[in-house]
Amino acid sequence: MKPKSLLLAALAAVLATAAAAKDIELLNVSYDPTRELYVDYNAVFAKYWQAKTGDKVTVKQSHGGSGKQARAVIDGLAADVITLALAADVDALYDNAKLIPQDWQKRLSNNSAPYTSTIVFLVRKGNPQKIKDWDDLVKPGVSVITPNPKTSGGARWNYLAAWEFAKRKLGSEAKAQEFVARLFKNVPVLDSGARGSTTTFVQREVGDVLLAWENEAFLAVKEFGADKFEIVVPSLSILAEPTVSLVDKNVKKKGTEAVAKAYLDYLYSDEGQEIAARNYYRPRNETVAAKYAAQFPKVELFTIDAAFGGWTKAQKTHFADGGIFDQITTK
Amino acid sequence: MRNLPSAVRTALATATLFAGFSTLHAAEASSDDIAALRDQIRQLDQKLKVLERKQEIAADDAAAAAKTAPKITVNDKGFSIASTDGANQLKLRGLVQADARAFLHNDPAITNNNTFLLRRARVIFEGTFNKNISFLLVPEFAGSAPTVVDAYVNYALTPSLQLRAGRFREPVGLEQLQSDAVAFFNERSYVSQLVPNRDLGVQLWGELLDGTLTYALGVFNGVPDGNNNGAISGTTVNADSDKDKDLAARIFAQPWKNDGGSPLQGLGFGLGASTGREKSGSGLASYKTDGQQTVFSYATATAATATTLAPATSKTNFTTVANGKTWRVSPQFYYYRGSFGLLGEYAFSSVHVSPQFPASLAGSPTVALKNKAWQLATSYVLTGEDAGYTGVVPATNFDWAGGSWGAFELVARYDVLDLDNKAFVTPGAGYSPLANNANNPTKLTTVGVGLNWYLSKSVRASFDFFHTDFGLNVPASAILSTSSTGRIIKNDENAFVTRLQVAF
């Protein structure tokens with residue numbers, strides 16, 4: 001063999017060694033209250049994927065306020081998938097960094113929202129402030145805990161649910177704005193995410209009522225005891241649709257597109273839907289939903305599309321810099 | 001009430017209780033009063049808890065902000081800015097070497113070799129992007145014009161597979177690859193004059209087997225012995241005098257590197273080699289003593305006649321240039337244990353050369369010159385610190401007032417350059433020799449001793465003495481005292497090379 005051939009062979013051997021398969025690692029950047037859901041789901045998905053392909057996949061989780069998490073990914077956090085609280089935060093990845101295609105929401109069923117939730121009230125045992133519905137939250141002396149809508153997806157759902165309730169009850173957008181302004185005057189602490197607000201209410205014992213994701217409220221009762229807290233279901237609430245997406249640019253760069261896509265697809269499987277339901281998320285799958293129907297209280301739900309014309313419009317009107325939320329909180 | 005000062009808590013609680021008891025006392029504690037009091041306490045308790053929670057959130061936010069803030073570091077390794085995760089980093093470092101040279105028993109006709117000089121003055125820019133892409137840019141300001149010494153980009157697919165492209169040292173010589181600032185002596189040995197120095201090219205390299213085996217394999221423009229590729233400054237940017245490329249490779253093993261208890265932990269050995277075809281447009285490199293005096297130069301055509309000579313008469317007035325296959329091989333080792341260090345290497349260089357007429361090499365005879373060099377160098381750190389290939393880190397810094405002196409290291413070296421006598425023989429009928437033996441030696445043998453004083457990790461003062469014996473191809477009486485090299489080699493050279501260096 002000539003020296004040049006020897007060198008080429010050596011080069012090929014080195015390249016082949018370096019290209020040997022490795023364990024796959026994904027990063028799921030999610031919002032605050034999904035920690036428990038994805039701990040369960042990741043373990044099941046890893047087993048499924050190994051059985052299907054032989055590859056070992058480890059999914060790392062990152063949690064925080066949904067808006068904050070979106071910002072982190074835009075700023076370079078190498079998420080393979082995002083599972084955020086609302087579509088507007090996922091949209092931001094296209095708007096600000098073109099990390100995903102504009103029509104990302106059409107890629108998966110149910111507008112890329114594999115499970116839903118809603119907003120309920122968590123109160124202290126015995127409900128000492130007699131809180132029954134949204135209009136009890138604006139009474140003087142009632143201390144309301146909710147995260148900051150500028151950073152938290154859950155808080156935006158809270159805000160819009162209160163707005164729509166007031167608009168229907170009081171009859172105008174102006175009165176709804178006044179109502180929401182009064183509500184936020186009763187908020188003593190604004191955490192950046194839903195889990196922080198739960199900590200404020202449950203562990204730090206601040207406030208009379210926590211505006212919470214339904215799953216977060218159930219979890220608090222389960223973890224801290226039904227003798228300490230109870231859930232109040234308002235007369236009207238919002239259909240919250242947490243959405244999921246590949247982060248296309250990142251998965252292409254990391255070579256994880258196939259496994260990341262499978263990770264999201266599997267959320268819609270019977271097993272994925274079961275895990276969501278067990279973690280108090282409302283499943284999309286009708287069979288699974290029927291199985292867990294008793295678990296979820298009946299409540300009249302409205303959609304953001306019907307009440308606010310979709311997330312893009314709601315975001316711009318209420319939560320963008322200088323929007324209504326800024327106006328009512330700076331007064 | 002974790003976060004409120006205890007004095008504030010006590011004052012609030014006392015005020016609350018005092019107000020409560022006063023009310024009770026004055027109004028005989030009606031049930032309404034008690035309810036109001038309870039509500040008042042509840043509200044105060046809530047206010048306290050809200051304050052505490054806000055403090056907690058502020059502390060969490062501050063901690064989170066600190067985690068994402070860039071990390072700025074200024075220390076004796078230079079100045080660096082790094083992203084929180086360390087994936088992106090920019091570093092600014094520097095190297096300044098101020099030398100003084102003195103030669104004993106100088107020929108009186110040599111008037112300019114006892115001198116102060118700025119040997120190196122470099123600003124070193126380093127950076128890393130996305131963890132695995134790095135760069136190095138090193139401009140040199142010590143020459144007559146600014147030049148770029150190193151400029152490359154490195155992409156690390158893994159530690160074991162990295163790709164480097166740009167201008168950097170070819171992977172052949174052991175001491176040549178060592179940092180300028182940390183070698184035992186102020187000047188490298190003769191071995192470094194027979195292996196390629198910096199060149200433009202691309203190299204695949206990495207560390208295997210837990211860092212115990214390092215390999216490098218590169219393709220370069222190609223340079224003659226001891227040469228750099230054309231300095232990147234002015235009009236000589238990215239010079240390549242021929243279309244052929246050199247292949248260079250090196251493998252270096254440290255089998256016991258990770259075995260802390262082994263007496264062989266500090267042993268490393270390897271082999272560097274390069275091969276290619278050279279056709280240098282200008283003359284070959286000169287060879288210098290360890291004291292940096294040029295003592296061997298191949299024939300160079302005089303300018304006045306070079307452009308007008310006809311081939312027949314050019315046989316006595318030509319420039320010796322590289323012209324054909326070149327290859328070098330260099331076995332090498334080092335051994336460090338505690339304060340003791342030992343480094344040895346050998347280089348064999350075969351280079352085809354020809355006498356070049358002004359415009360072409362047509363019809364020129366070609367001669368294969370085989371030059372050899374070797375060195376054995378040792379060191380001992382008197383103050384007890386560890387010796388090492390990457391230098392000595394003093395346990396204390398020099399501090400006159402504090403009574404600490406830094407570290408001291410004794411060094412010694414024996415090195416030899418053995419040049420092929422065929423350079424002194426006519427390459428063809430009618431030709432002058434490729435080098436004149438009346439003013440060039442055929443062998444240089446040098447003994448060097450020195451003392452390195454590490455005033456701190458970044459400041460070193462070095463005092464070296466080199467004694468060089470010149471082996472001649474003619475009787476000493478035949479050496480031309482009229483030539484610059486002849487004046488040097490007719491006696492042994494005794495050189496002091498001292499240096500004050502700042503490297504960070």
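**Exercise 1.** In this predicted model, determine what covers the buried residues of helix 11 of chain A, and establish which residues of that helix are buried.

*Solution.* Step 1. The cover over the buried residues of helix 11 of chain A includes strand 1 (24–31), strand 2 (57–64), strand 3 (81–84) and strand 10 (243–246), together with helix 2 (35–53) and helix 10 (248–254), of chain A.
Step 2. A residue counts as buried if 20 or more other C-beta atoms lie within 10 Å of its own. In helix 11 of chain A, which spans residues 257–265, A:V259, A:A260, A:Y263 and A:L264 are buried.
Step 3. Viewed down the axis of helix 11 of chain A, the buried residues fall within an arc of 140 degrees, so they line one face of the helix.
Step 4. A general rule applies here: an α-helix has 3.6 residues a turn, so residues three or four places apart point the same way.

**Exercise 2.** State the order of the strands in the open sheet of four strands in chain A, and identify which are the edge strands.

*Solution.* Step 1. The order is 2-1-3-10, and the pairing is mixed.
Step 2. Strand 2 and strand 10 of chain A are the edge strands, as each pairs on one side only.
Step 3. From one strand to the next, the twist averages 20 degrees.
Step 4. Strand 3 and strand 10 of chain A run antiparallel and are joined by four bridges. A:V81 stands opposite A:L246 in strand 10 of chain A.
Step 5. Helix 2 of chain A packs on the sheet and touches strand 1 and strand 2 of chain A; the direction of this helix makes about 165 degrees with that of strand 2 of chain A.

Key: Residues are numbered from 1 along each chain as its sequence is written. Chains are lettered from A and ligands numbered from 1 in the order in which they are written. This is a predicted model: local features need pLDDT of at least 70, side-chain atom pairs count only at pLDDT 80 or more; totals for chains, interfaces and linings use all residues. A residue is buried if 20 or more other C-beta atoms lie within 10 Å of its own, exposed if 12 or fewer, and partly exposed in between; C-beta atoms are placed from the backbone. Helices (H or I, at least four residues) and strands (E, at least two) are DSSP runs, numbered from the N terminus. The arc is that of the directions from the helix axis to the C-beta atoms. Two residues are in contact if their C-beta atoms, placed from the backbone, lie within 7 Å. Two strands pair if DSSP finds at least two bridges between them. Axes are lines fitted to C-alpha atoms, for helices over the stretch in contact, and angles run from 0 to 180 degrees between N-to-C directions.
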